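Here's a quick tour of a protein model, written for someone new to reading structures. Keep the 3D view open and find each spot as we go.

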Amino acid sequence: MLGYESKLYEKLKGEPGVPTMYWYGVEGDFNVLVMDILGPPLASLFKFCEHKFSIKTILIIASQLVQRIESLHSKNFIHRDIKPENFLIGQGKKSQTVFMIDFGLSKRYRCPKIGTHIPLIERGGITGTPRYCSLNAHKHYEQSRRDDLEAIGNILIYFCKEGNLPWMRAEEKGLKEMLKIKENTTIEALCEGLPACFRQYMNYCRNLKFEQKPDYKYLKGLFENTFNEQGFENDGRFDWVI
C-alpha cells in the first residue's frame with residue numbers, strides 16, 4: 001500500500017498543499033517513504049481548541065480542502081478517506097496552508113488515456129470513515145468525485161457543530177443505525193443555524209450525478225464569498241495561533 005501511495009505523491013508533485021516526497025524504497029525489513037515534515041492534523045487542532053472553530057477559520061479551511069481535492073481529481077484519482085486526520089497544516093512559511101495526505105485508499109476513477117469513467121456498482125462494504133463518508137458511500141455504492149466533496153462537507157459541518165454530527169450518537173450501535181440517521185437527516189436540518197453556504201454546498205454535492213464533473217470554482221466561491229461578506233481578513237490567524 002505504501003508503494004501505491006508513493007506513486008500518488010509522484011503524480012501530485014508540485015501541487016499546492018501536497019507534501020513533497022523525497023524518496024521511496026526498501027530499507028532492511030521496512031518499506032520507507034520520506035516526505036516533508038508537517039504540523040498537526042486538523043483533528044488534533046480541533047481538540048486543542050476545545051472542539052470550537054470560528055466560522056472564519058472554517059471558511060478558510062473549506063476553500064483549501066476543495067482546492068486540494070480538485071488537484072487530486074485532476075489527476076484522475078479520488079481520495080475515498082476524507083477525514084480531519086488526513087489534513088495537516090504546514091510548518092514555518094507554510095503554516096497557513098492545509099496539506100492533504102494518506103492516499104492509501106485512493107482509486108483511479110477515470111482512464112487518463114481514453115477518459116472512461118468507472119461504473120456505478122454496489123460494493124461489499126464501506127471504504128473510508130463512516131462518520132464522514134457520503135450517504136452513497138455509506139450505502140456501499142462505488143464512489144466518485146461527488147463523494148469526496150460530500151465528505152468534505154460533513155467535516156466542515158462537524159467543525160461548525162462543535163464536533164457533533166447527528167449520526168454520531170449511533171456509532172456504538174453500528175453502521176446500519178448510523179445509516180438510518182444519515183438517511184433521515186435532511187440537509188436543512190443538518191445545516192440548521194449555519195451560514196447558507198454550507199447548505200448550498202451540501203445540496204450541490206448531493207445532486208451531482210455519479211460521473212459528473214463538479215464545479216469546483218462555484219464551490220470555493222460559496223465559502224470565499226461568505227468570508228468576504230462577513231468582513232473577515234485573511235491574516236493567517238487561525239484559531240489555534242497563539
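There are eleven salt bridges in this structure. Keep in mind that what you're looking at is a predicted model. We'll start with the charged pairs, then peek into the cavities, and finish with a surface patch and a couple of unusual backbone angles.

**Charged pairs**

- A bit of background: side chains with opposite charges can pair up when their charged atoms come close.
- Start with E15 and K75, which form a salt bridge whose closest N and O atoms are 3.6 Å apart. E15 sits in the loop between α1 (2-11) and β1 (21-27), while K75 sits in the loop between α3 (55-74) and β3 (77-78), so this pair ties together parts that are 60 residues apart in sequence.
- K75 itself is partly exposed, because its relative accessible area is 28%, which falls between the 20% and 50% cut-offs.
- Next up are K83 and D81, whose side chains meet in a salt bridge at 3.7 Å, N to O. Are these two buried or exposed? Both K83 and D81 are buried.
- E150 and R206 also pair through their side chains, with 2.8 Å from N to O. Here the link runs between two helices: E150 is in α5 (residues 145-160) and R206 is in α8 (residues 196-207), so the salt bridge ties together parts that are 56 residues apart in sequence.
- The two partners in that bridge have their own surroundings: E150 counts as buried at 3% relative accessibility, whereas R206 counts as partly exposed at 27%.
- Salt bridges can also join up into a network, and K107, R123 and E142 are linked in one here.

**Cavities inside**

- How many cavities of 30 Å³ or more turn up in a search of the whole structure? The search finds three.
- The largest cavity holds about 60 Å³ of space. It's lined by 13 residues, and the closest to its centre are R80, I82, C133, Q143 and A151.
- Sort the lining of the largest cavity by class and you get four nonpolar, five polar and four charged residues.
- The second largest cavity has a volume of about 40 Å³. Its lining is made up of R80, R123, G125, I126, T127, A137, Y141, E142 and Q143.
- By class, the lining of the second largest cavity splits into three nonpolar, three polar and three charged residues.
- You've met some of these names already: R123 and E142 line the second largest cavity, and they're also part of the salt-bridge network with K107.

**A nonpolar patch on the surface**

- Now look at the outside, where Y22, W23 and V34 make a nonpolar surface patch of about 320 Å².
- Of these patch residues, V34 lies in strand β2 (residues 30-35). V34 is partly exposed, with a relative accessible area of 36%.

**Unusual backbone angles**

- As a rule, most residues other than glycine have a negative phi.
- E50 isn't a glycine, yet it has a positive phi of about 60 degrees. You'll find E50 in the loop between α2 (42-48) and α3, and at 64% relative accessibility E50 counts as exposed.
- D102 is another case, with a positive phi near 65 degrees in a residue other than glycine. D102 sits in the loop between β5 (98-100) and β6 (107-108), and at 28% relative accessibility D102 counts as partly exposed.

Definitions and conventions:
Residues are numbered from 1 along each chain as its sequence is written. This is a predicted model: local features need pLDDT of at least 70, side-chain atom pairs count only at pLDDT 80 or more; totals for chains, interfaces and linings use all residues. Side-chain values use heavy atoms; hydrogens and water are left out. A salt bridge is a side-chain nitrogen of Lys or Arg within 4 Å of a carboxyl oxygen of Asp or Glu. Helices (H or I, at least four residues) and strands (E, at least two) are DSSP runs, numbered from the N terminus. Buried means under 20% relative accessible area, exposed over 50%, partly exposed in between (1.4 Å probe, protein chains only). On a 1 Å grid over the protein atoms alone, a cavity is a set of points where a 1.4 Å probe fits but cannot get out, and a pocket is an open set with protein on both sides within 12 Å along at least five of seven lines; lining residues have an atom within 4 Å of a point. Grid points are joined across faces, edges and corners, and a volume is the space filled by probe spheres set on the points. Ala, Val, Leu, Ile, Met, Phe, Trp, Tyr, Cys and Pro count as nonpolar, Asp, Glu, Lys and Arg as charged, and the others, Gly among them, as polar. Patches are made of residues with over 30% relative accessible area and no salt bridge: like charges are joined within 9 Å, nonpolar side chains (Val, Leu, Ile, Met, Phe, Trp, Tyr) within 5 Å. Accessible areas come from the Shrake-Rupley method with a 1.4 Å probe; for residues, only the protein chains shown count as cover.
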